[in-house]
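Please open the structure in your viewer and keep the selection panel at hand. The tour below moves from the whole chain to a few pairs of side chains.

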Amino acid sequence: MPNYWSKKKLHFGFTLGANNNDFKIRLDNEFLNIDTLQSISVRRFPGFVLGGIADFSFAENFNLRALPSIAFAQRNLVYKFTNSRSNREVKIESVYLEIPLLVKYRTRRFGNYGFYVTGGFKYSYDLASNIDAQRSLADPVVAVQPHTFSYELGAGFDIYFPFFKLSPELKLTNGISNALVKDGYVYTESMNGLWSRIVNFSFHFE
């Protein structure tokens with residue numbers, strides 16, 4: 001097959017993927033010592049991602065990639081109190097507009113295959129942010145900041161076809177900005193921070 005892809009400086013595509021969403025929680029131990037709340041855990045749910053790809057080859061084996069995407073996510077926070085009748089599970093649903101900017105390092109091709117690693121940073125805007133929602137002890141809300149930043153690390157392999165390239169990829173996302181909105185209620189005051197942790201498995205078509 002002609003080495004068609006190596007000659008293109010700029011090309012475009014689209015991506016489809018599934019994700020598993022989690023939070024890293026930093027508890028406020030001082031608050032927990034004076035309250036009946038015993039623990040907070042995360043119930044994880046799968047989501048999905050769809051978006052576009054713009055890829056620019058700026059050096060041999062190196063590409064700069066932008067992947068503007070829409071990602072759907074859900075994580076539930078499970079609160080356990082001394083009195084089990086007070087236990088609560090708070091749903092956090094998000095629809096993210098994401099703009100990752102990544103650098104991809106790819107090996108030389110072995111026939112119609114090639115391996116690569118990628119890394120960079122991502123800006124996310126939560127279109128479904130409930131930061132202004134009404135809340136109470138009986139109707140708990142845990143809001144997350146609409147604007148967050150993360151770093152991403154991933155790996156995958158390119159499969160070259162005559163007219164397109166398919167790339168299965170596994171990628172890890174870790175938040176670097178605190179997403180928690182503190183509102184004075186026990187459900188947020190018991191924590192000092194929330195950071196997104198996401199595992200993505202995607203298929204890139206370019």
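What follows is a series of stops, each with something to select and a description of what is there.

**The whole chain**

Begin with the full chain shown as a cartoon, and keep in mind that this is a predicted model. The chain has two helices and nine strands, and if you trace these elements from the N terminus on, they run β-α-β-β-β-β-β-β-β-α-β. If you turn the view along the principal axes, the C-alpha atoms fill a box of roughly 70 × 25 × 25 Å.

Now switch to a surface view, where the chain exposes about 11000 Å², with carbon and sulfur atoms supplying 60% of that area. Of the 206 residues, 43% count as buried. Among the contacts with a separation of 6 or more, 69% are between residues 24 or more positions apart.

**The charges**

Next, colour the charged side chains: there are 23 positive and 18 negative charges, and the mean positions of the two sets are 9 Å apart. How many salt bridges does a search of the whole structure find? The search finds nine, and the next stops visit three of the pairs.

**First pair: R65 and D55**

Select R65 and D55, whose side chains meet in a salt bridge with a nitrogen-to-oxygen distance of 2.5 Å. R65 belongs to strand β3 (residues 62–66) and D55 to strand β2 (residues 37–59), so this pair ties together parts that are 10 residues apart in sequence. R65 counts as buried because its relative accessible area is 3%, which is under the 20% cut-off; D55, at 1%, is buried as well.

**Second pair: R135 and D183**

Move on to R135 and D183, which form a salt bridge whose closest N and O atoms are 2.9 Å apart. This pair links distant parts of the chain, since R135 sits in the loop between β6 (113–126) and β7 (147–160), while D183 sits in the loop between β8 (165–175) and α2 (186–189), 48 residues apart. Are these two residues buried or partly exposed? R135, at 17% relative accessibility, counts as buried, whereas D183, at 23%, counts as partly exposed.

**Third pair: K171 and E152**

Finally, select K171 and E152, whose side chains meet in a salt bridge at 3.3 Å, N to O. K171 lies in strand β8 and E152 in strand β7, so the pair ties together parts that are 19 residues apart in sequence. K171 is buried, with a relative accessible area of 8%, and E152 is buried too, at 2%. Add E98 and K122 to the selection, and you will see one network of E98, K122, E152 and K171, joined by salt bridges that share partners.

How values were computed. Residues are numbered from 1 along each chain as its sequence is written. This is a predicted model: local features need pLDDT of at least 70, side-chain atom pairs count only at pLDDT 80 or more; totals for chains, interfaces and linings use all residues. Side-chain values use heavy atoms; hydrogens and water are left out. Helices (H or I, at least four residues) and strands (E, at least two) are DSSP runs, numbered from the N terminus. Buried means under 20% relative accessible area, exposed over 50%, partly exposed in between (1.4 Å probe, protein chains only). Contact means heavy atoms within 4.5 Å. Accessible areas come from the Shrake-Rupley method with a 1.4 Å probe; for residues, only the protein chains shown count as cover. Lys and Arg count as positive and Asp and Glu as negative; His and the chain ends are not counted. The place of a charge is taken as NZ of Lys, CZ of Arg, CG of Asp or CD of Glu. A salt bridge is a side-chain nitrogen of Lys or Arg within 4 Å of a carboxyl oxygen of Asp or Glu.
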